[in-house]
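Subject: Structure handover

Hello,

Here is the structure you were waiting for. My notes on it follow below.

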Amino acid sequence: MSKRPSMSSESEPGGNEPKMKREDEDEFVLKMLAALSNEKIQEILEKVVGRVLESYDKKFENIDHELVAHKDKIQMLENQILELNSKLEDIKKNISKMDVKGGEESSSPGGGVESAEEKERKRSIIVTGIPEYGRSEREAWYWDQSCMSKILNFLDIGGPPVSMYRLGKRVGRNRMMKVVFATSFDQKTVLARAPKLKNFPSGPVKVFIRPSLTKEQRVEYSKAQRDKFLSRSRVNSFPPPTNSNVSPPQVVDDPMDGMGNRDGDRSAQQI
């Protein structure tokens, strides 16, 4: 009859297993410490750690370069935003100026800003000497249209004006008339042919045409006309003919500013 193993002998292997593991771990630690104390092992570890750190240094250096590049891009974008804001402010100012002037502004060839008033002035003429007539506004308008049509027909001007109107208030004297053409070419053509008006059959009334000018331009223009007037007087010893295309010194006393605004309540001087 065989002997059965006792319970104590069966439980011994299970009870000794944790103790063996602890001994193995302790032995492994001792061996590792002994290995780490070896100079060759230490040199190898230093090289490995050095290479790892060098690799991380390169990665961090690349990250630093990328951060610098991103900062430069952000700075460039901020500068562009500032520039756009500045341009936007300029556009707002120009819009405000256009609202005040009531017209469109555009760049002139000289790089400045040419207002709608200036563009209209280059298409306009000022006519003096046309008498006013009419018991009603409609009759007065028809009279002015008829007179101006005869003048343009005499000068052989093909393009009709786009508008014409008297300047200032009616206070008993014949007011000047502003005539606006479609293009500046038509205006220049009329001014070039204006000297022919000395032969215009207008009776005792003489018709004169000059360009539409600002107040400052009129001062210079009238000075030039006065100098020409005095020069002719000295050379010929008698006043120049009055039937020229521009009324002589009366332009200085002209109360108009050339754009329909009056400096006073006086009307235009009658030639």
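I start with one side chain. Setting aside neighbours within four places in sequence, Ile-151 is in contact with Ile-130, Leu-197, Phe-200, Val-207 and Ile-209. Please keep in mind throughout that this is a predicted model. Ile-151 belongs to helix α4. Is Ile-151 buried or exposed? Ile-151 counts as buried, because its relative accessibility is 2%, and the cut-off for buried is under 20%. Between Ile-151 and Val-190, which lie 39 residues apart along the chain, the C-alpha distance is 10.0 Å.

Another residue to look at in α4 is Asp-144; the helix covers residues 137-154. Asp-144 has a relative accessibility of 12% and therefore counts as buried. Leaving out residues up to four places away in sequence, Asp-144 touches Met-164, Arg-166 and Met-177. Met-177 is 33 residues from Asp-144 along the chain, and their C-alpha atoms are separated by 8.7 Å.

Those contacts lead to the strands. Strand β4 takes in residues 163-166 and pairs with β5 in the antiparallel sense, over four bridges. Two of the bridge partners can be named: Ser-163 has Val-180 as its partner in β5, and Arg-166 has Met-177. In a regular strand, side chains alternate between the two faces of the sheet. In β4, Met-164 and Arg-166 point to one face and are buried, whereas Ser-163 and Tyr-165 point to the other and are not. The buried face of β4 thus holds Met-164 and Arg-166, and both of these residues are touched by Asp-144.

Strand β5, residues 177-180, is covered on both faces. Met-177 and Val-179 lie on one side, Lys-178 and Val-180 on the other, and all are buried. Besides β4, strand β5 pairs with β3, again antiparallel and over four bridges. In that pairing Val-127 stands opposite Met-177.

Which residue of β6 is the bridge partner of Val-127? The partner is Ile-209. Strand β3 (residues 124-128) and β6 run antiparallel and are joined by four bridges. In β6, residues 208-211, Phe-208 and Arg-210 point one way and Ile-209 and Pro-211 the other, and all are buried. Ile-209 is also one of the contacts of Ile-151, which ties this part of the account back to helix α4.

One backbone detail deserves a look. Asp-156 is not a glycine, yet its phi is positive, at about 60°. Asp-156 is found in the loop between α4 and β4. With a relative accessible area of 59%, Asp-156 is exposed, because the cut-off for exposed is over 50%.

There is also a pocket to report. The second largest pocket has a volume of about 230 Å³. It is lined by 14 residues, and the closest to its centre are Pro-131, Trp-143, Cys-147, Lys-150 and Phe-200. By class, the lining consists of 10 nonpolar, three polar and one charged residues. Phe-200, one of the residues closest to the centre of this pocket, is in contact with Ile-151 as well.

Finally, the chain as a whole:

- There are six helices and six strands.
- From the N terminus on, the elements run α-α-β-β-α-β-α-β-β-α-β-α.
- Of the 271 residues, 23% count as buried.
- Among contacts with a separation of 6 or more, 63% are between residues 24 or more positions apart.
- The accessible surface is about 19,700 Å², and carbon and sulfur atoms account for 56% of it.

Regards

Conventions:
Residues are numbered from 1 along each chain as its sequence is written. This is a predicted model: local features need pLDDT of at least 70, side-chain atom pairs count only at pLDDT 80 or more; totals for chains, interfaces and linings use all residues. Side-chain values use heavy atoms; hydrogens and water are left out. Buried means under 20% relative accessible area, exposed over 50%, partly exposed in between (1.4 Å probe, protein chains only). Two strands pair if DSSP finds at least two bridges between them. Contact means heavy atoms within 4.5 Å. Accessible areas come from the Shrake-Rupley method with a 1.4 Å probe; for residues, only the protein chains shown count as cover. On a 1 Å grid over the protein atoms alone, a cavity is a set of points where a 1.4 Å probe fits but cannot get out, and a pocket is an open set with protein on both sides within 12 Å along at least five of seven lines; lining residues have an atom within 4 Å of a point. Grid points are joined across faces, edges and corners, and a volume is the space filled by probe spheres set on the points. Ala, Val, Leu, Ile, Met, Phe, Trp, Tyr, Cys and Pro count as nonpolar, Asp, Glu, Lys and Arg as charged, and the others, Gly among them, as polar.
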